[in-house]
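Colleague: I am new to reading protein models. Could you walk me through this one, feature by feature?

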There are 4 protein chains.
Amino acid sequence: MLIETVKSEIVSHLSYIVGSNDEAAVIDPRRDCQVYLEIANRWAAKIKYIFETHRNEDYVTGSSELANLTDATIFHGPGLPWRFGETLQDNQEIKVGSLKIQALHTPGHSPESTSYVLTDSEAGDQPVLVFTGDTLFVGDVGRTDFLGEEMAPVMSGKLYDSITNRLFPLGDEVIVCPAHGAGSVCGGKISEREISTIGIEKKTNPMLCLSKEEFVKQKTAEHHATSPYFRKMEEFNLYGPSILGAIPHPRALTPSEFKKAAETAYIVDTRTAAAFGAAHVKGAFSLVPKRLSNVGWVAEYSKPILLVVDDLEALDFAVRNFVRLGLDNIVGYLRGGVEAWYKEGYPLAKAGLVTVHDLKTMVDSKETIRILDVRRVNEWMEGHIVGSTRIYLGHVPEQVDQLPRDLPIVVICKTGNRSSFGVSVLLRAGFDQVYNCLGGIEAWIKSGYPVTRTDEKA
Amino acid sequence: MLIETVKSEIVSHLSYIVGSNDEAAVIDPRRDCQVYLEIANRWAAKIKYIFETHRNEDYVTGSSELANLTDATIFHGPGLPWRFGETLQDNQEIKVGSLKIQALHTPGHSPESTSYVLTDSEAGDQPVLVFTGDTLFVGDVGRTDFLGEEMAPVMSGKLYDSITNRLFPLGDEVIVCPAHGAGSVCGGKISEREISTIGIEKKTNPMLCLSKEEFVKQKTAEHHATSPYFRKMEEFNLYGPSILGAIPHPRALTPSEFKKAAETAYIVDTRTAAAFGAAHVKGAFSLVPKRLSNVGWVAEYSKPILLVVDDLEALDFAVRNFVRLGLDNIVGYLRGGVEAWYKEGYPLAKAGLVTVHDLKTMVDSKETIRILDVRRVNEWMEGHIVGSTRIYLGHVPEQVDQLPRDLPIVVICKTGNRSSFGVSVLLRAGFDQVYNCLGGIEAWIKSGYPVTRTDEKA
Amino acid sequence: MLIETVKSEIVSHLSYIVGSNDEAAVIDPRRDCQVYLEIANRWAAKIKYIFETHRNEDYVTGSSELANLTDATIFHGPGLPWRFGETLQDNQEIKVGSLKIQALHTPGHSPESTSYVLTDSEAGDQPVLVFTGDTLFVGDVGRTDFLGEEMAPVMSGKLYDSITNRLFPLGDEVIVCPAHGAGSVCGGKISEREISTIGIEKKTNPMLCLSKEEFVKQKTAEHHATSPYFRKMEEFNLYGPSILGAIPHPRALTPSEFKKAAETAYIVDTRTAAAFGAAHVKGAFSLVPKRLSNVGWVAEYSKPILLVVDDLEALDFAVRNFVRLGLDNIVGYLRGGVEAWYKEGYPLAKAGLVTVHDLKTMVDSKETIRILDVRRVNEWMEGHIVGSTRIYLGHVPEQVDQLPRDLPIVVICKTGNRSSFGVSVLLRAGFDQVYNCLGGIEAWIKSGYPVTRTDEKA
Amino acid sequence: MLIETVKSEIVSHLSYIVGSNDEAAVIDPRRDCQVYLEIANRWAAKIKYIFETHRNEDYVTGSSELANLTDATIFHGPGLPWRFGETLQDNQEIKVGSLKIQALHTPGHSPESTSYVLTDSEAGDQPVLVFTGDTLFVGDVGRTDFLGEEMAPVMSGKLYDSITNRLFPLGDEVIVCPAHGAGSVCGGKISEREISTIGIEKKTNPMLCLSKEEFVKQKTAEHHATSPYFRKMEEFNLYGPSILGAIPHPRALTPSEFKKAAETAYIVDTRTAAAFGAAHVKGAFSLVPKRLSNVGWVAEYSKPILLVVDDLEALDFAVRNFVRLGLDNIVGYLRGGVEAWYKEGYPLAKAGLVTVHDLKTMVDSKETIRILDVRRVNEWMEGHIVGSTRIYLGHVPEQVDQLPRDLPIVVICKTGNRSSFGVSVLLRAGFDQVYNCLGGIEAWIKSGYPVTRTDEKA
C-alpha cells in the first residue's frame, strides 16, 4: 500500500491518494487535480476510483475534474440526490489492488457523511486506516450546524453515535485520516498535527471525553461563521461543478486596461499587508495569500475578478486557490504591479500602518481612536486590548455601515493580515482614517502590553 | 505538528522531518539532503536537530551533510564510539517547538539502536508516534545478524525485549514510523505499506505473534545477504562521511575520452535491460535505476565510475543514488549515449534476450541450456523453473568462475532487471552465450508455464 | 528592442518574438505557444501582433492558438483567401513600441510569401533586420516546387526577383532571420548557423552567386520530398486550425488496455533504435524523438495514436511535436513501457541489429543480403555501400510491397535512426529478416570501410 | 554553428556560447555559470574554450569557475600580467568545431581589450560575427576613463583606431555581439537592442559619425560614475577570483538571530520601494532587484551581508547577483520576512511615501521641502523639477553628511526605485523626514506637471 497526503493550504483541506498493484484511489480530490496524476504516474498506477466523504461546503470538489482526466468512478455516501458519480451503500466494499475500501456511513456533520475504512490484505482483515472526512478531526469533530439551528442537536447526536458506534469499534490502533487540518473553518480547534489514531483521539480529543449529553450540548452551543460562498459550494458539489480542463490563465493587463476592466470587476490585492498599506489601487480588497479564502465573504460569482500580485508565482497561487472556491472568472492581473500603476501617474490609495508600539502610544496618550478587533470570538476571549470592539472579520462587510465614522479606527487581528482585509473593506466603504496594526495581538502581547480576557460585551 | 516522510527509493529508506513552531528535526537524513531544507523552508521552520536511529549499514548517513548546512545538532543512541554528533542517554528528551522527542534505547538490530518517541503538547503526554529505525518495520523486524552468527541469538533476544518491553507499552494507538519500507535489504518481508501502529503490528506482524523462544529461533535461522559495501557504510557512519557540499557533476565525455577513461574505471549502464541487451559498451555492468544499489556487490571504492545513461534525468538519478552509497567518485558519463559510441564505429557488445515464450520453447525442445535463477532463496521457494540453478545475484560475481562454460546460460529473475546485472557479470567474466529472460518468472507464471516449489538443492 | 528566437527542433522551425516598450510581436509562432507568453511575461510586455511569413506546409501554425490567449491581431501577406487574421498590403507598416515592422511581399516560395523588415527608432530609418520566412535561409533559399512541376520555373523566377529586388536593397548590414534552420525539409542545404546578414548571404550563399537563369534552372532541377501530411498542414493553415487550449494529456494505459486500444490505433515507439530492436510491441513504428516528423509519411489524421516512450519527458516531447503536426488525437501511452508489456507475458517483436563491423563481415563473406539505404539522394551521392539499393525513407511505406522478400534486408541510413523507422515499416509489412545497421554510413566510413559515389542507378 | 546569448540583467552583461560539431566556446562567462553547461548539454557539446574580451570592471568573471567545471582553456588578450589562463597574440586563431575564432587586439577601452572574429567554414573565409567586448556597443562605444583623466585622450584615440582600423574592415555585413546592453555603467547610451552589424553601427552609432578629433574630444568630456567596487572587480579579474563551486545558500535566520547578526553585518532589503517605505528593519539599504548593483557604492567586502527578501525566488536572485559582484559573504536572510519581524514586536522603521500628486501639492502650497534628484546628469538635463537639487545616487553615501537636516527631503529618481536606495542612505545617516516619490519624474511628466531643462547648477 502506498499513500500520500495532498494538502491545500488555505482551506486546510487534506486529500489522500492510495495505491496498490498499479491501481490507485483518491479521497476528496481538489479541483486543481494534476497533482494526483503526477503521484499516480510516479507510482506507475492508474487512478480507478474517487471517494467523497461528503458534499463539501468550503471548496469545490475536484472529483468531476479528475474523473474527466482519468475515467475514474466517483463514489458518494448515501442520502443525497447526487447528480454525478455513484452512491455506495453502508458497508459496501471496493477493491483497489490488494486493498479493500469499505464505506461506513457516519452521518452527523451532514446526513450523507461517510467514512472509508481501508484494509490491506498484507495485514489480513485488520483495518489499517480510516478516512474520516469531516466526521472526526485530530483534536476536534465536525460542525453540526449546517442544517440550521433547530437541527443542530439532532445532528450532534448522530455525530456522537457515528464516532462512538462506528469509528471506535474499528480499534485503537487504526490510523485516522481526516479531511481537514488546523485552520479549517470546518472545525473549531483542529490540531496542527494531521495524523492520529482512534486510540489517540479517544484519549486526547476533548470532544471525545464528553458524555453524549455534554457532547450535544457543547456542539449545539458552538458558534461558527458560515461564509455566504458555502451555499455556492454546496450547489456545485451536489450537481457537479463545470469542468475546467486546465487552470485559467488570466491576461496581463496594462494599467489603462486594468483601470477600464475595474469598472465592472472587483480587485483582489494579494501583496503583503505592509505593501497594501503603502500603496494600492483604490477599491482593492487586501487578501494576503494565506487568507485568500476570506474572499468568500465578499465574492460575487457573477462578477469578474482582477488581481494585483507580487509576481507570477503569486498569480498562480491566487488563481489556483480561487478556482478551488469556484471563482473561475479571473479576467486579468495588473502587469508590472502597483509600480506600473504609479509610473503612469495613476492615483494611489493608502491605508495607515501602525506598529503595536505606535498603538500603545496612542492608547496611553488617550488619543481618541477606536480599536476594531476582527478575530473570532474564541481568540478574543483569550485576550484583547481593553476598550476594543470586536466584529468578526467575515461580518465586517455587512456591518460596515453601522460603524461610526467620527474617529480614526485601528483594525487589529492576530498578526496584521486579516486586519488588512478589514481595513480594505472599511476603505471601500469610504472610511478615511483607517489603520492596520502590523503585528497584531501577537506582537502586542510579546511586547508585554496588557490584554483583558473579560467576556465580550459588544 | 507537521510531519513529512522522505523516501529514498532504491534502498527503501524512510526518513522523516517533523516541525512545530518554526523548529524542525530530521530523523535519519539521507546524504542528498537539500530536500529537508526545502520542506523546512516551506514550513518557515529551522532544522535544529538530527536524530539517528542507529549506525546505518546500507547507505551513508546525511547527518553531517545536513548539519553542515544548518548548524543542527546530531544525536545518536548510546553505545558506539561516535566520532561526530552527541550521544543521548536512554529516556533523554529534546524539545522541538511544542513537541518532545524522547530517546528509547532499543538494542537488537544493533547495540546502539534507539527509537524516538514523539509526544505533542497539543495531545498532552500521550505518545503520538515512534520512529523505530531498524527495530520494528511494518510487517517485519530488523536483522540481527550484523554482529556475526554467534551473536545473532543474543541480539535477537535483545530485539524481542526491546520491542515487547519498550515499544509495546507505548500503547496500541501509537503510530510506527520505521526506517525502511518494502524492498530494503535490512528486512526480509517488510510490507509495502509504510505506516502502521503498535496495535496493528501486534496483531498482524508475523514476527510479533511468536514467543521469545520462537522469535530468537526464527531470527537466528534467517539468511540475509550482506553486501560487501556494508562494511564501508559502517565505517562512514561511525566516523562521519566527508562533506559533499553539493551533488557531484560528472563530466560529459566524448566516446574517445570515455574509452580512455574506461581503462582505469568501471562502467555502469543504467538503461533498460532490453537496451543493454541490444547494444552496450563492452565490460559495462547493467544496473537499471531501481536496482542500482546492487553496485554494492562489485563496487571498488577507490576506483572511478563511468556512467552510460539514457538522459540527464537518469544521470542525476544515478549520481544521487551512488552518493547515497558513498560512491562519490563518478568521473563522467558517455555524452550522446551508446548512439554516440556506435556512430564512431566503436565496437558494441550484446547480450542475448529471450522472452518467456522463447525460453519455454528452448526448454520444451530439450535444447541444452542452463537456467541460472538469481533471486533470493525465499522467492525461489515460491516457485522456479524445473531444472534451474539458483545463485543469489549478489554472489554471482564471486562464484562466476565456478560456473561451467560449456552451455548457453539463460539468466532469470523476477522480471528481467536483476538478471540483466547477472548477465553483465557473466559477460565481463568472458562467458559468450548468455541470455537474459525478459519478463522473468513473473511473465513465465502469467503465461501459464509450470514452476516447482521443491526445496532448493543447489 | 528585445528579440528572442524560439526553435522547434524537429521541423527546424525558427520563430521570433520582438519587444519594445511593453509591446511584443511574434513571427511565425508554433502551436504549443506558452513559450511566447513566458518570454513576454519576462519582458513585462504584451503580445499585440502575430506575423505569418507564409502559409506553412510543414507544421500547424500557432497563430490562432496564441491569438486566443492574447487577443493579438494576426497578419498575413497578400494573395490567399485567409479564413482568419488580417491581410497586410505590400509595404504596409505596423508599430510595436518604438519598432516599425513593414510587410515586404516576396513571392516565390509561395504566392503570398511576405518578409517583414524591422526598423528600430533608436537607429533611425535604418532597417535592422528582416524576417525572411521561407524566402531566404542561411546558405539556401526556399523551395519553389509546391505549386507543382509546371509552376516551378515561374515561382523560381519570382523568388530570384524577390531576393534580389526586394531583400538586397535593404543593405548588406541588415540581419537575416529565416523561418527554418538546418535539417528542415523546406530547404535543401540550409546552414546550421541560424543567423546571417544580407551581405553575408550575398557573398556566401551558393544560390545567390548564380545568374537568374542558372538560379531558375537549378531550382527547377531540385528534387524535394513532399510528405503527404503537407496537404493537411496547408488546409489547417489556410482555414485556421482548431484551438487546443492546452497540450493534450494522453492517458496512461495498462498493457491490456493498450492492447485493446491498439486494435483501432497505430503505435509510435520513440525509444532508441537499439531498444526498439531489442523488444517492441508488434506493429509499432520506430520513430526516435528527433525523427518524429517522419510520422507524416504514415499518419492517418482520422486514426488515434498510441505511444511507447521511455519516460514522461519523452511523452511530453512526442505529444508536443505531434501537436505541431496537427496530430492531436493521441489517446494514450503504455504505462510502465515495454517492461510492463513483457512482464505480462505479452509477445514481443524484435528487429535484428547489426554493427557496421557485422555488416562488413556479412558483405565480405558474400552472405546473400540486400542493403537498403533510405537516405536522401544527395546523401547517397556523397557515398554509399557498393551493391546497396536506395529508396528514400518517406517512400518506403508505399514501395514496400515491391521489395523482394527472399533475402535478409539490412536497412541503413546515416546513423541508425531513420533506418529504424524503415525497419519498422518492413516489419509491419510482414518481412521477417530485417536488420537495422547501428551507426550507419557514418560509422561505416569512420571505420575505414569503402563507399562508392557512383551515381544512383536504382 | 550554434549560438546563444546569456544575459545577466542587472549589470546588462551579455555573454555568448557558440558551438559546432560537439565543441563549444564561451565568451565572457558570468560567475554563476551553470547556464553554459546546460546549453552545452542541450547541444551535446563540450565547452573547450573560454574567451575574455578584457579584464572586466563591473562584475567578477566566471572564467575560472567555468574552467573548473569543464577543463576548458581560458584565453585573454595581450598586455596584462594575467595570473590565470593563456594570452592570445593579435590575429591568433583557435578552432571550435568547424568555426575559427581569431583574436583582434582592439585596445582603447583598456589596453588588453580584444575582439574575437568568428568565421564559419560553412561560409568560407567570410567573417560572420565579431565579439566586440567593451570596444563597440550597439549605439555607443566603450568607456576610456579607467586609466584616469590624463590617459583618457590617449585611450580614446586608440579606441577610435581600433574601431575604424580593425573592426570596420571586417565588412558591413558582419554581426556585432557586444559585452553589454542598455543600462550598463560601461557605456552611456547603449541601445536597448542587443544585436547589430558593423554596417548598422557605421550608419547609426552617433559616436561613429564623428571625426577622430571630435571622437576623442567627446570621449574625454564624458563623465562616468566609477563605483568603488570596480577596483575590487579589477583585482579579482586579474588574479582570478576564488572558486565558488556552487552558489552559496544563506541561512534562514529567525528574527532574533537576524537581529544579533545585524550587529556586525549590513542589511539589504530587496522588496519593493512601497513595501520598504511601509515597514523595514532599521538600517537596511533599499535595493530593489533590478537596482541591486548599486550595492557597489556601499559594499564593504570584508563585512557580511544580511538579506530581507519577499520569497525564496527573490533570495536566489539577490544571491546570484551579489555573487556576480564578488559579494559571496551572504550569511543569512530574515526567515518569514518583515512580517516575522513585526510579529515579534521588534521595532519597524518607515520611510515616507509620496505620489507625484502629493509632491505637486507640496510644491504648490509652498511647503518648505527639499527635493533631491538622484539621477544621472544626462537624465537630469532632459527635465527635472524646478528647485530640485541633484546628487548622483552613487555619490549620496559620501555626501550625505553635507546635506542640511532642517527640512523634509523628498528623494526622486525616474520611477521611485533608485530614490528608495537614496532614502535608505539618508535614513541610515539619521535623517528623519525623508520621503520617496513613487512614480518619480516619469509619473510627474505623465501627469502633466512642469519640468525645466535648465542646466544643472548644483
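**Reading the model together**

Modeller: Gladly! A search over all chains of the whole structure finds zero disulfides. Please keep in mind that this is a predicted model.

Colleague: What is a disulfide, in general?

Modeller: It is a covalent bond that joins the sulfur atoms of two cysteines. To call one here, the two sulfur atoms must lie within 2.5 Å.

Colleague: How far from Cys413(C) is the nearest cysteine sulfur?

Modeller: That sulfur belongs to Cys437(C) and is 8.4 Å away, and Cys413(C) is in no disulfide. In chain D, we can start from the other partner: Cys437(D) is in no disulfide either, and its nearest cysteine sulfur, that of Cys413(D), is 8.4 Å away.

Colleague: Are these cysteines, Cys413(C) and Cys437(D), buried or exposed?

Modeller: The relative accessible area is the value to read, and under 20% counts as buried. Cys413(C) has 1%, so it is buried. Cys437(D) has 0%, so it is buried too.

Colleague: Let us turn to single residues. Where does Ser8(B) lie?

Modeller: Ser8(B) is part of strand 1 of chain B, which covers residues 2-8. Its relative accessible area is 1%, and therefore Ser8(B) counts as buried. Leaving out residues up to four places away in sequence, Ser8(B) touches His13(B), Arg30(B) and Arg324(B).

Colleague: How far is Ser8(B) from His395(B), in sequence and in space?

Modeller: Those are two separate readings. Along the sequence they are 387 residues apart, while from C-alpha to C-alpha the separation is 25 Å.

Colleague: And where is the place of Pro111(C)?

Modeller: Pro111(C) sits in a loop of chain C, between strand 8 (99-105) and strand 9 (114-120). Its relative accessibility is 34%, which means that Pro111(C) is partly exposed.

Colleague: Which residues is Pro111(C) in contact with, leaving aside neighbours within four places in sequence?

Modeller: Pro111(C) is in contact with Pro78(C), His105(C), Leu147(C) and Met155(C). Take Leu147(C) as an example: it is 36 residues from Pro111(C) along the chain, and their C-alpha atoms are separated by 9.2 Å.

Colleague: Now a helix, please. Which residues of helix 6 of chain A are buried?

Modeller: For a helix, we go through its residues and pick out the buried ones. Helix 6 of chain A spans residues 229-239, and its buried residues are Tyr229(A), Phe230(A), Met233(A), Glu234(A), Phe236(A), Asn237(A) and Leu238(A). These buried residues pack against helix 9 (312-324) of chain A.

Colleague: What phi does Gly240(A) take, just after helix 6 of chain A?

Modeller: Gly240(A) takes a positive phi of about 90°. In chain C, Gly240(C) comes just after helix 6 and has a positive phi of about 95°. The buried residues of helix 6 of chain C pack against helix 9 (312-324) of chain C, and Tyr229(C) and Phe230(C) are among them.

Colleague: Let us move on to the interfaces. How many residues of chain C are in contact with chain B?

Modeller: On the chain C side there are 29 residues, in contact with 30 residues of chain B. Next comes the buried area, which is about 2300 Å² between these chains, with carbon and sulfur atoms giving 51%.

Colleague: How many salt bridges cross the interface of chain C and chain B?

Modeller: The rule finds four salt bridges there. One of the pairs that form a salt bridge is Lys290(B) with Glu339(C), whose closest N and O atoms are 3.8 Å apart. The interface of chain C and chain B also has eight residue pairs in polar contact.

Colleague: Which helix of chain C supplies the largest share of the side that touches chain B?

Modeller: It is helix 8 of chain C, with four residues. By class, this side of chain C holds twelve nonpolar, seven polar and ten charged residues.

Colleague: What does the count look like between chain A and chain D?

Modeller: Here 30 residues of chain A are in contact with 30 residues of chain D. The count of salt bridges between chain A and chain D is four, and Lys290(D) and Glu339(A) meet in a salt bridge at 3.8 Å, N to O.

Notes
Residues numbered from 1 in each chain as written. Chains lettered and ligands numbered in written order. Predicted model: local features only at pLDDT ≥ 70, side-chain atom pairs only at ≥ 80, totals over all residues. Heavy atoms only, no water. Contact = heavy atoms within 4.5 Å. Buried area = accessible area lost by both parts, 1.4 Å probe. Salt bridge = Lys/Arg side-chain N within 4 Å of Asp/Glu carboxyl O. Polar contact = N/O pair within 3.5 Å; in protein donor to acceptor, adjacent residues only side chain to side chain. Helix = DSSP H or I, 4+ residues; strand = E, 2+ residues; numbered from the N terminus. Nonpolar A, V, L, I, M, F, W, Y, C, P; charged D, E, K, R; others polar. Buried < 20%, exposed > 50% of the residue type's maximum accessible area, 1.4 Å probe, protein only.
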